[in-house]
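This report concerns a single protein–ligand model. It treats the cysteines and then the surroundings of the ligand.

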Amino acid sequence: MEDAAKLQEFEARIEAGEKIEPKDWMPEKYRKQLIRMISQHAHSEIVGMLPEGNWITRAPSLKRKLTLLAKVQDEAGHGLYLYCAAETLGVDRQELVEQLLEGKAKYSSIFNYPTLTWADMGVIGWLVDGAAIVNQTMLAKASYGPYARAMIRICKEENFHKRQGYEIVATMANGTPEQKRMIQDAVNRWWWPSLMMFGPHDSDSPNSGDLMKWKVKTRSNDDLRQRFVNLTVPQAIAVGLTIPDPALKYNEETGNWEFGEIDWEEFWAVVSGNGPYNRERLEARRQAHAEGEWVRKAAEAYAEKQRLRENKVA
Ligand code: 3HC
């Protein structure tokens, strides 16, 4: 009975637009859903550094190198920020990281595709970070306080990520014929995987019910995907690029760019670990984690020394 009353009060708070904070009562299912979503989001940010990190040493100019370096460093910060948000729900970061390294945790499918040319850096910033902005500006209104606040800071940086990407795209689209070919090739490879970032159709989304009921998500997968397409197609047209979808057409009545069906077989194959680069990404993370062991040990030793010094003073 007591929990029923607490659940009623919890849901009334959410309906009233209040933020739920770490020390507030929350249904176990709400806490579990948030741990699932926030930890996967954090993993996505960390793994997401790999495709772009691959091009830092090969950037075409110092300016491009500095910009890409700043973006990849931002993603690391987003990951750490989100692991902190997950820890407010009582989970241990080390445990989350181990789940990722053991291949037991999900991260965004988009990061399991190879980055074949420099043009991919522009298209990732434009499409992938563009999709992330559509999703994350919605999450900045989530009912869980720490997650919503993390999104506000992250969205500011994502906007820089998208703008620097689109500037690369526009430059190459207006460059030599070879540059235009490269950028169009990158759009052809990244367009559909970017649409997959928003998840399965609402009808195939087992988590959306809880997440929408408790206002973690305030817009559905399909709704956000459509918003992304509506925003992005005019940007492609503006720089003379073609979206690789013969079914794409503008509906004057709804104001939507209607698009073709996503290859859900590909989507679920990538989500279940059988995408083009899943193994490489996990291997790279495992190697980086192993190589970073000495840094963690040094930080722990330093923290221990500080604790001993403070105890001595106290
Ligand atoms: N990649 C991998 N797994 C995916 C996925 C994707 N693109 N889309 C859905 N899934 C998984 C879900 O995790 C769920 O599996 P689970 O129950 O085992 O966790 C299953 O497929 C069914 O999907 P649902 O729609 O039921 O899941 P959600 O309601 O959680 O919706 C989501 C999926 C839209 C990705 C949602 O989790 C979300 O908005 N997450 C937060 C944002 C996020 O993680 N973005 C990832 C990109 S981060 C990024 O882009 C970094 C930027 O700097 C570039």
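## Cysteines

In this predicted model, C84 has a relative accessible area of 39% and is therefore classed as partly exposed. C155, by contrast, has a relative accessibility of 7% and so counts as buried.

A search of the whole structure returns 0 disulfides. C84 takes part in no disulfide, and the cysteine sulfur nearest to its own, that of C155, is 17 Å away. C155 is likewise in no disulfide, its nearest cysteine sulfur being that of C84 at 17 Å. A disulfide requires two cysteine sulfur atoms within 2.5 Å, and therefore this pair does not qualify.

## Composition of the ligand shell

The ligand is surrounded by 34 residues, and the closest are R36, E75, K106, S205 and K217. By class, the shell consists of 16 nonpolar, 11 polar and 7 charged residues.

Several helices contribute at least two shell residues each: α2 (28–47), α6 (119–139), α7 (145–173), α9 (208–213) and α11 (264–271). The largest share, 6 residues, is supplied by α2.

## Polar contacts and burial

Two side chains place a polar atom beside ligand oxygen atoms: for K106 the separation is 2.7 Å, and for Q40 the separation is 3.0 Å. The backbone also takes part, since a polar backbone atom of S109 lies 2.8 Å from a nitrogen atom of the ligand. Taken alone, the ligand would expose 1000 Å², of which the protein buries 91%.

Methods:
Residues numbered from 1 in each chain as written. Predicted model: local features only at pLDDT ≥ 70, side-chain atom pairs only at ≥ 80, totals over all residues. Heavy atoms only, no water. Near = heavy atom within 4 Å. Polar contact = N/O pair within 3.5 Å; in protein donor to acceptor, adjacent residues only side chain to side chain. Areas by Shrake-Rupley, 256 points an atom, 1.4 Å probe, with all protein chains shown as cover. Helix = DSSP H or I, 4+ residues; strand = E, 2+ residues; numbered from the N terminus. Nonpolar A, V, L, I, M, F, W, Y, C, P; charged D, E, K, R; others polar. Buried < 20%, exposed > 50% of the residue type's maximum accessible area, 1.4 Å probe, protein only.
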